[in-house]
Amino acid sequence: MMVIAHLSDPHFDGGPRATGRVRRVVDHLDALPGPVDAVLVTGDIADHGLAAEYEQAREHLRSRYPVLLLPGNHDERGGFRAALLGEGPGDGPVDRTARVGDAVLALCDSTVPGRAEGRLADDTLDWLDAVLDEGAPTLVCLHHPPAPLHQPALDAIGLRDADRFAAVLRRHDNAVAVLCGHAHTGAATTFAGRPVLVAPALASAVPLPWESEREVDLDQPPAFAFHVLADGRLTTHFRVVP
């Protein structure tokens, strides 16, 4: 059995609010009596892509568990690489794999520099195809949800050209699920015959149109998801940290 704690959208901005909300969740995870295999954070690590924000992230996303990070539309690839991955400069997509137990997490960069919406570059799709060719059970992780979530403002900046992504997933039965963030709401849907599981945001919540006229709810407590992969079946639990 593999357990992933799935966090998203901390939006470190140099201030104490984002830091406090992240620390509540990380401290909650670190205090659990049972082990978690990894902590996944699906993007928008920094709010403005600034070096100081990434330094804040380095300090406050530290956990007793392995922490896996991928970029979101608020991130800047160069700063993300330098501060969080210890890599040199580069403008290309930040695509990496992580093996957790018998499974692989394919960490895909769906960002388009300077844009809020997402797109998986040809190089990323070719890389993902090769990762899935290896045959291990794989959780495909990216920032932008590939399917509509019925929140108009967020659907307008979701993943573009998603049919190309769908074609890759359909070629591989070992693609277990798609894990993403960006939406600032916990959600579950399907895409290309796979579950799509969206983690709530650490920074804030975005109400659905029939819930509130507010675009952003800053009063909701931070939340996250647990994904449990056992016997080929993925089960997800959502948790709120008061």
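## Exercises on a predicted model

Strand 2 (residues 38-42) and strand 3 run parallel and are joined by four bridges. The model is predicted. Work through the exercises with the structure open.

**Exercise 1. Trace the open sheet of five strands and find its edge strands.**

Step 1. Start from one bridge: Val41 has Leu69 as its partner in strand 3.

Step 2. Extend outward from there. The strand order is 3-2-1-10-11, and the pairing is mixed.

Step 3. Look for strands that pair on one side only. These are strand 3 (67-70) and strand 11 (233-240), the edge strands.

Step 4. Check the twist. On average, neighbouring strands of this sheet are turned by 25° against each other, direction ignored.

Step 5. Add a helix. Helix 1 (residues 16-30) lies across strand 1 (2-7), strand 2 and strand 10 (223-230). Its angle to strand 10 is about 35°.

**Exercise 2. Decide whether Asn73 is buried or exposed, and describe its surroundings.**

Step 1. Locate the residue. Asn73 sits in the loop between strand 3 and helix 3 (77-85).

Step 2. Apply the cut-off. Asn73 has a relative accessible area of 18%. Buried means under 20%, so Asn73 is buried.

Step 3. List what Asn73 touches, leaving out residues up to four places away in sequence. The contacts are Asp44, Thr111, Arg115, Ala116, His143, His144 and His182.

Step 4. Pick out one polar contact. The side chains of Asn73 and His182 are joined at 3.1 Å.

Step 5. Take one pair that is separated in sequence. Asn73 and Arg115 are 42 residues apart along the chain, yet their C-alpha atoms are separated by 6.8 Å.

**Exercise 3. Identify which elements supply the largest nonpolar core.**

Step 1. Find the centre of the contact network. The core has 30 residues, and Leu128, Phe165, Leu169 and Phe191 have the most contacts inside it.

Step 2. Assign the elements. Strand 5 (103-107), helix 4 (122-133), helix 6 (162-170), strand 7 (175-180), strand 8 (187-191) and strand 9 (194-198) each supply at least two residues.

Step 3. Rank them. Helix 6 gives the most, with five residues.

Step 4. Examine Leu128. Beyond its neighbours within four places in sequence, Leu128 contacts Ala106, Cys108, Val140, Phe165 and Val168.

Step 5. Separate the other core. A second one, of 27 residues, includes Val36, Ala46, Val228 and Val241.

**Exercise 4. Summarise the annotated region at residues 2-185.**

Step 1. Read the record. An unreviewed UniProt entry places "domain: Calcineurin-like phosphoesterase" at residues 2-185.

Step 2. Describe that stretch. Residues 2-185 are 32% helix and 19% strand, with end C-alpha atoms 24 Å apart.

Definitions and conventions:
Residues numbered from 1 in each chain as written. Predicted model: local features only at pLDDT ≥ 70, side-chain atom pairs only at ≥ 80, totals over all residues. Heavy atoms only, no water. Pairing = 2+ DSSP bridges. Axes fitted to C-alpha atoms, helices over the stretch in contact; angles between N-to-C directions. Contact = heavy atoms within 4.5 Å. UniProt positions renumbered as here; feature names shortened; annotations may be inferred. Buried < 20%, exposed > 50% of the residue type's maximum accessible area, 1.4 Å probe, protein only. Polar contact = N/O pair within 3.5 Å; in protein donor to acceptor, adjacent residues only side chain to side chain. Core = buried A, V, L, I, M, F, W, Y, C linked by side-chain atoms within 4.5 Å.
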